[in-house]
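Visitor: Please take a close look at one single part of this structure with me. I am new to this, so I would like to go through it step by step and then see what lies around it.

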Amino acid sequence: MDSTSGTPDATSPPGRRLVPVSALRLPHPAPGAFRGSVSTEISAYLEKLIAVGELRPGDRLPSERELAARLGVSRASLREAMHELEAKHLVERRPGRGTTVLTAPEQVQTLYSRLSDADHHLRDVAELRATIEPRLAELAAERATAANLLELENVLRHPIAEVEPEESLRLDLEFHVLIATAAQNPLMSAINTLACSWTSSTRVLSHSSRYAREVSYLGHRAILKAVAAGDPAEARDAMARHLADVAELTRDGYEKRGTAEEDR
């Protein structure tokens, strides 16, 4: 089939398909989410498509020129990524025949099936936060020590204008961990720490703009004010409002990232 219509072409072997170049898009990670080389990112993206079955054994990838243009990367970076995939025996490259997808090794399929499952459970994790964290804030208002309050205040001491996205995310995680610590319940604190680790990739999206960082900061301020005042009900409600704001900011971040990808 050709790269636009999806219909078989005369050069495609029986039982194989030429993958439309329009079906392949390299996602743009949120700020701070990716620190490797471009070729590594391309390789990881294509490896995941192979492992989860979106690229099937026998599929023939578009030409190097088409694929590089579609992904918005240089041909040199793409070529380096393909060398890596070839070294992992995930693709086969032959002059005049292009690049063909091979069967992903079992360990690669297992790894990415787990990652895919984790993606599908992000909603469940968000619900977990909404269930646990308001209660932690409530307990913190009842049990926080002077040392707990000082640590929380120190996290919020920097004006939002001086905080970069990566630092804002770090402080966000620290604030929520400290609230859990102030609740003086080690079991709930441990669960909260797990929830924080599970949601770190989506939390990035709620810190990508100055507006989002300001909303997050003001939410933290409201929570701390209630905790410091020893007002459990207001602390619980402030945390619930903050998590609702974060959920909305995260959805907006996904939508903006998706629009940016489509415009490429």
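Guide: Let us begin with a small piece of reasoning about length: the expected span of a helix is 1.5 Å multiplied by one less than its number of residues. Please keep in mind as we go that this is a predicted model.

Our part is helix α10, which runs over residues 210-228 and has 19 residues. From its first C-alpha to its last, α10 reaches 27 Å, close to the 27 Å expected at 1.5 Å a residue.

Now look at which residues of α10 are hidden. A residue counts as buried when its relative accessible area is under 20%. In α10, the buried residues begin with Ala 212 and Arg 213, followed by Val 215 and Ser 216, then Gly 219 and His 220, then Ile 223 and Leu 224, and finally Ala 226 and Val 227. A general point helps in reading such a list: an α-helix has 3.6 residues a turn, so residues three or four places apart point the same way. With that in mind, try tracing Ala 212, Ser 216, Gly 219 and Ile 223, which are among the buried residues of α10.

Just after α10 ends, find Gly 230, where phi is positive at about 70°.

Next, an empty space beside our helix. Rolling a probe the size of a water molecule over the atoms shows where empty space is left. In this structure there is one cavity of 30 Å³ or more, and the largest cavity holds about 110 Å³ of space. Its lining consists of 13 residues, and those nearest the centre are Ile 160, Ser 168, Leu 171, Tyr 217 and His 220. You have met His 220 already, as one of the buried residues of α10. Helix α10 gives the most to this lining, with four residues. Helix α7, residues 165-182, is also involved: α7 and α10 each supply at least two lining residues.

Follow the chain on from α7 and you come to the loop between α7 and α8 (186-198), where Gln 184 is found. Most residues other than glycine have a negative phi. Gln 184 is not a glycine, yet its phi is positive, about 60°. This residue counts as partly exposed because its relative accessibility is 40%.

His 89 makes a good companion to Gln 184. It sits in the loop between α3 (75-87) and β1, and it too has a positive phi of about 60° without being a glycine. With a relative accessible area of 57%, His 89 is exposed.

The loop of His 89 leads into the strands. Strand β1 (residues 91-94) and strand β2 (residues 98-101) run antiparallel and are joined by four bridges. Val 91 stands opposite Val 101 in β2, while the bridge partner of Glu 92 is Thr 100. Together β1 and β2 form a hairpin with three residues between them, and Gly 96 in that turn has a positive phi of about 85°.

For a second helix to set beside ours, take α1, residues 38-51. Its 14 residues should span 20 Å at 1.5 Å a residue, and its end C-alpha atoms are indeed 20 Å apart. Of those 14 residues, 10 are buried, so α1 is largely enclosed by the rest of the structure. The buried ones include Ile 42, Tyr 45, Leu 46, Leu 49 and Ile 50, and also Glu 41 and Glu 47. After α1 comes Gly 53, with a positive phi near 90°.

Finally, step back to the whole chain. It has 11 helices and two strands, and buried residues make up 39% of its 264 residues. Among contacts with a separation of 6 or more, 71% join residues 24 or more positions apart. To see how distant stretches of sequence can come together, look at Glu 127 in helix α5 (residues 122-143). Glu 127 and Leu 243 are 116 residues apart along the chain, and their C-alpha atoms are separated by 9.9 Å.

Notes: Residues numbered from 1 in each chain as written. Predicted model: local features only at pLDDT ≥ 70, side-chain atom pairs only at ≥ 80, totals over all residues. Heavy atoms only, no water. Buried < 20%, exposed > 50% of the residue type's maximum accessible area, 1.4 Å probe, protein only. Contact = heavy atoms within 4.5 Å. Pairing = 2+ DSSP bridges. 1 Å grid on protein atoms, 1.4 Å probe; cavity = no way out; pocket = protein on both sides within 12 Å on 5 of 7 lines; lining within 4 Å. Points joined across faces, edges and corners; volume = space filled by probe spheres on them.
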